[in-house]
Each structure stands twice: as C-alpha cells, then as structure tokens.
Amino acid sequence: MSLLPLSLRPRRLAARLRQRLARADRVSLAAALVAIAAGVLTFVIAATVFSHHSANHDEGVYLTQAALLLGGQLEFHAGPLADAVHPWFFIEDGGRLYPKYNPVPAAMFAVTMGLFGEPRVTLAVVAAGNAALVYLLGSMTVGRRAGLAAAVCFAASPMAVATSSAFLPYAPTTFFNLIFAVAYLRSVRDRSLRAAGVAGVAIGLAFFARPYTAVLFAAPFIAHALWRVGSAVRRFGAESGMSTPRAFAALGRRALGVGRSGELPGPIRRHGLTALFGVLFVGVTLAYNVRMTGSPLTFPYQVFAPMDGPGFGKRRILGHSVDYTLGLALESNRYALQEIATRWFVAGPLGTVVALVGGAVALWGWRASGDPRRPVVVDHGKDVAETAGSPAFRRTATLLLVGVAVSVVVGNLYFWGTHNALADLSDPTDGLASLFGPFYHFDLLVPLSVFGGLGVAVGWRGLVAARERVVVRGVSPTVASAALAVVVALAVAGGGVTAVDAAADPMERNAAVDEKHEAAYAPIDEATFEDALVFVPTPYGEWQNHPFQYLRNGPGLDGEVVYALDRDPVENFAVLDAYPNRTLYRYGYQGVWTANPETRVTPKLAVLGRRSGARLDAETTVGVPDRVVRAQVRVDPRRGAAGGPDHVSYTVSDLGDSLAVDWAVTPEGVRLSDGAAAGAPEAAEPVPFDPEGDVVAVTVTLVDPTGATFTYRQEVTVRLTEDDTVEAVWPPERSTCRLVTECGNEGTYLPDEPQTHPEWVVFETETETSD
C-alpha cells in the first residue's frame, strides 16, 4: 500500500488538475497565461538587460538589506571600519550601518534568495502576481473580458516591464496595494470578513514598505469605508431612535463589549477589521522606527536626509537641493504624466487614447445606470451577472479606481522625487525616469490599465455589433466574419507594433547601461575569490555600491570577498590590519566613470601584496620616444612630514630610448638614488613622509622641444611600523598623463592593454626589500 495520502498520489493530482482545467473557462486560462508570460518576461529581462544591475543604485541597497535579513540582521556592525564599508543610502550610527529604506521589499527578495539563491524569482512572482491581480480587479470593476485586456495592458506597459525587472520597491508595493484593492472590493461585494482581514494585512504591509505610496493608494478606499461606516451608524441610530452621536457611542460600547451585547452592523465589522489589521502594521512600522532610529515618528530616510520627505520649500538630499515650489511641482508632474501617456503606458499615445475611451464609457455607464438592470459595461450577460457584480457595486469600484488615479497624481505633487527622477525636463532620455519611467506614479498604471481594458472590450463589442448590422443588410456572414478578422488582425498588429516601439527605447537604453557594466566588471566576473580583500575606487564619493552596486559585502563583512573603499592611506592600512591574512586586490579602471552608458571605462584588477623591511629599493624603467630633449624625475609625498623638503627632483638631458630611475623608501623618507649623479646632490636627500601612512609619488616627466610633456606617475602607499620598518602596498598605482603630471583614472596604466597607450610606452618597476 502506498504510504502517500490519497490526495498526494500523482495520478489523483493529475486527475484533479485535469478536472479543474476542464471547469476553467477560456478567459481565466488566458489571464493565467498572461500572468505567467509577465513573470517569465520579467525574469528574462532581469537576467539579461539588468544582469549587472541598473543605473538606479537603490538596487544595491535592497539586495544588501535582503542579505542582512537572511543573516538575521537589520544592520551592519562595522565598528571602526564603518567608513571603509559604508554602503550607499546607509546611515552610520556609531559603527552601526543601517539602510534608509524599510525592509519589506528586501524581505521579499530575501525569500527567493534564500530558497533558490536567485532573488530574481521574486521579481517574476511579483510581476505575475500584479498581472493576475489587475485581471481580478478589472473583472470586478468592468467585466472579465475587459479585465483580461486590462492585465495585458498592465503587463505590456514599458514602465511595468522595466521597473518590475529591477530590484526596486515600486512593483512589490503595488503588489500589496492590488491585493488590498481586490480584497477590499470582495469584502464589500461578498460581505466577507476574511477578505476584509486580508485587505487590512495587505495595506499594512504596503504601508510598512512605502508609507506615502500606500496612503495615496488607500485614500479613496478609506474615504469610502468611512462613508459606509457613517451610513451604518446613521441607519442604526434611525432604527434605534438615537441621534447619530449617541448611536456612534452605543456601537463603540458594543465593539468594546461594554453594556448590552449585540452584533455590530456588517460594514462596521468588515471595515473595522480592515482598519484593525492596517493599524497593527502601522504599529509594526513605528516599532521598526524605534528599533532603528530611536523614535517611532522618525523614519530612517529622515535620519539620512531630514529634508528629503514630502513637502514644499527647501528640499535636500546629500549635496543636491532645490526650492520645491508648487509651480515646479506642477511643471514636473505635468511632464511626468505626459511621459506616461506618450511613452510608458502600453502602446504609448494609442494605449492612452483607448484608456480615455474606456474611462468615458465607464463614466457614461455610471451616470446612465439609474435602472439597476442596466449593465455598466458591455459584456456577455452571464459574465456580468455572475462575476462583475451589480451595477451599484461596479459604480463603486469604478469610482474608487478614479479616486486612485486622482490621489496618486495629486499626492505626488507634494513629493519632490518626481522632479529628481526626471532630471532635465526638456530631455526624455535624461534621468532615471528615462530608464524606468516616472516610477513614483507606478500605481497610476492600475486605473489606466483597467480603463484601457474596458476600452478594448468596448471596441471589440462595437466591431461585433457592426458585423451583425452588416449581416442584417444582406452581406454574407462569411464575408462579414472575414472582414472582422482582418480589422482585428490589423488592430492587434498595429497595437503590437506601437507597444513594441514604446518599450524598445527604454530597453535599449537599459541594455546599453548593462553592456557598460558587463565590460567594467569583467575582471571581477573572471576572478575566483577565496578569502579576498578588494579595494574599490570612489568616483562618486566615499560610498560603496555607488556606483559599483554589483560589488556588495555580506552581512558579517567576512565572506569569501570583502570590498573596502580605496581611501586615505591611514584608513587603508586600518583595513589591512583588520584583515591581515587575506589576498589583496585593487579594482580600478582607465577612464572617467559617468552615468552616460556611452562613456566606457577599461577595467583592471591588480593583485596586491604587503612588503616590509628596513629599506625598500626600487628601479623604475620608462620608455622614451624620439624628440624628447629632457626628463624631470621627481618624488613627493601626499601628506609629508615636518623636518625636511616636501619634494626633490633632478633633470636628465642625455636620453636614449629608455630611462632607469633608482629610488628607495627608508625610515628617513624617500630618496632618489641617482640625484647626485645627475648633478643635483640635494635631490638625493630623503623626503620624509607621514609615518602613520602616506602616498608617495615618483614621477618621470618627458619634455619635447615644443614644451609638450608626457608623465609616468606611480604612487606607492607606505608607512612606518612600530619597530621602524618600512611597509608598502605593492605594486604602486601607475598612470601615464599627457600635458599634466597627474591625471587620475583617466591615465591608469594598463600593461595588458597595449592599445590604451602609445607603442613606445614602457613602464616597469622592480623592487627588493632589505631586512
């Protein structure tokens, strides 16, 4: 006998699945396919177009936060190394580092990160869930076939495609908002306490994820719930012969179990349960604030940037600030809505027109439905009666969706984030909105998609009616059906082409960003790290994961690889002392890192070592081209120390095709060993450096007859230990510069990339230490 329960046997499972599929109708199956397709598409785009993450560095914040949650932590405990491992958008508090964002989206990513080792599965599940929920919401509001079209409109919108494919909080928050909307409407339609409870939990989680976003979405529903509760109180008062205040007090006592028992009116019980669960999660949010910031009303984002929240006037985050006036808010949000209407909703302007048609039909149906037998939407009769609910219910659902659109649009006027995302209001290819759309308006896709689905359904119904009229006038049914098929095929093809065109531009821009990232991270992808410490550059300031969000630390700062910022030499030595036995690397690049995807860099991953001894002797050999008349050799430390010159130099006039320079690092300072032989005895004097840690530059500048220069520059990080031995990080950082003696990453020397410098360039340094 099988040990499996009967319900778990494969044959019985297969039979049940076949039975359910047989009972399922075509619309439900089609909606399921749309949801699955949305999830698959999202996963594919996330794994290809965003394989190394996007230009929105919030992704690194949420993934780092997800890793912390998997490790059972809410923050890093970095101690004195906090500045060296400080991630982007994390707050430092006495060696503690915690993110400015609430943990709900990160927790969602952490689930599949822990289960499958791949957080992109969460992105796929959320995208599929959003499409399915839009179908359910549309079905209740405008009919099932229109709901199916709404799901397609949502899933195919460029803003949904791009934003859902990145590790950002907007699609996950909308997921909870949609669960709330569907459950709330079902609690109203079916008088379901269970649905009311689900609605409360969902909006509570949405609030915990993004409080302002949740409040904007829920505002119309809250207003509707208050109206229904008020109506129930008035009705109870009228039935009991009480005034409204007395009725309210009596119901309050009844809710608390005080006085005579009795059941609360249905709307009060259901909406009260929704409110109860919602308020519980508000309490969880405030408790999280206490845990992270010490105050229930102080959110982490306020600690990071106190003037970054909603409001007008002076707004600021880090070094960026603006006087956010109502006029600027109106201008920015008008442009954002224009971008959504023309670029980021499905099929661009065509899709927006269809949504407007659907909205007009819904408004007409709402105003003209005085007869309760008259349907609000055009759909097949059985579907309206069985699933769309009564006309009164659909009017309510439609009004709530209109309310969501209004609250999202009006509410975002009060938040300057849309202005920041747009960057240049005259350039649709600039700013983060050019890659993801005006994502603070992400919830606006919900009413647009539902009304767009209604517009599609109305269009289809109109075509069917036109076919019937043509047949009545004597045209062959076959000919009429063929004509209808041609019109539908042309409409679908035209809409599909328009939709693809609308999505192509942002996907191409994001793909260009990913190509840049893939090239930049190539040495990292090719390396196998085992107990490694990697120093990374700081092109945007001393932040990790900004811009290199692909290079993230684990929760314990002790994984197979630890990333540290390449900063001041004293601070770098502190990191080295904290990780004394790791294999050292320095990640760098040649070029200038910018947000422009067309501006590429050539990466470099150098293996480092720590050399120490009583003295470090080095010989640097550089190539010299024809026409060079002289060379100046110079040594100078960045910080220096009292008691000696701040630099020394000498000139060489007799040059061949190469020049060898001998120099040494000693406890007394850095010496140019050939200074005296070159006729500059003072150049042989040691140049003292800061014993706690310093960067010493040794440069060889070639000068041609016109005065043009070419400089070989190498910088070595050195210090003196307690027993007066010299310690250096080796090899030095090397660069070659035209016309200037220091050019940073633009001149990074890449010995394995000969095409990055003239063919006559030679830059080699040999060293040995003495005990």
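Select Y184 to start. Setting aside residues within four places in sequence, Y184 contacts A199, F221, H224, A225, H271 and L400. Keep in mind throughout that the model on screen is a predicted one.

Next, widen the selection around Y184. Together with F180 and L533, Y184 has the most contacts inside the largest nonpolar core, a set of 127 residues. Now colour helix α8, which runs over residues 170–190. With 12 residues, helix α8 gives the most to this core.

Then leave that core and select V648, A680, V696 and V718. These four are among the 36 residues of a second core, separate from the one just visited.

Return to L533, one of the residues with the most contacts inside the largest core, and add V575 to the selection. The C-alpha atoms of V575 and L533 lie 9.1 Å apart in space, while 42 residues separate the two in sequence. V575 sits in helix α23, residues 569–578. Why does V575 count as buried? Its relative accessibility is 2%, and the buried class takes in residues under 20% relative accessible area. To see what covers this residue, show its partners: leaving out residues up to four places away in sequence, V575 touches L81, A84, L533, F535 and A564. L533 is thus on the list of residues touched by V575.

The next stop is a pair of cysteines. Select C737 and C743, which are joined by a disulfide with an S to S distance of 2.1 Å. The structure holds 1 disulfide. Look along the S-S bond: is it left-handed or right-handed? The torsion about the bond of C737 and C743 is about -80°, so the disulfide is left-handed. C737 itself is buried, at a relative accessible area of 1%. For another cysteine, go to C153, which is buried with a relative accessible area of 11%.

Finish on the surface. Select L33, I36, V40 and V44, and switch on a surface display. These residues make a nonpolar surface patch of about 370 Å². Within the patch, pick V40, which lies in helix α2, residues 26–48. Is V40 buried, exposed or partly exposed? Its relative accessible area is 47%, so V40 is partly exposed: the exposed class begins over 50% and the buried class lies under 20%. Set V40 beside V575 for a last view: V40 is partly exposed at 47%, whereas V575 is buried at 2%.

Terms used. Residues numbered from 1 in each chain as written. Predicted model: local features only at pLDDT ≥ 70, side-chain atom pairs only at ≥ 80, totals over all residues. Heavy atoms only, no water. Patch = residues over 30% accessible without salt bridge, like charges linked within 9 Å, V, L, I, M, F, W, Y side chains within 5 Å. Areas by Shrake-Rupley, 256 points an atom, 1.4 Å probe, with all protein chains shown as cover. Salt bridge = Lys/Arg side-chain N within 4 Å of Asp/Glu carboxyl O. Helix = DSSP H or I, 4+ residues; strand = E, 2+ residues; numbered from the N terminus. Buried < 20%, exposed > 50% of the residue type's maximum accessible area, 1.4 Å probe, protein only. Disulfide = S-S within 2.5 Å. Core = buried A, V, L, I, M, F, W, Y, C linked by side-chain atoms within 4.5 Å. Contact = heavy atoms within 4.5 Å.
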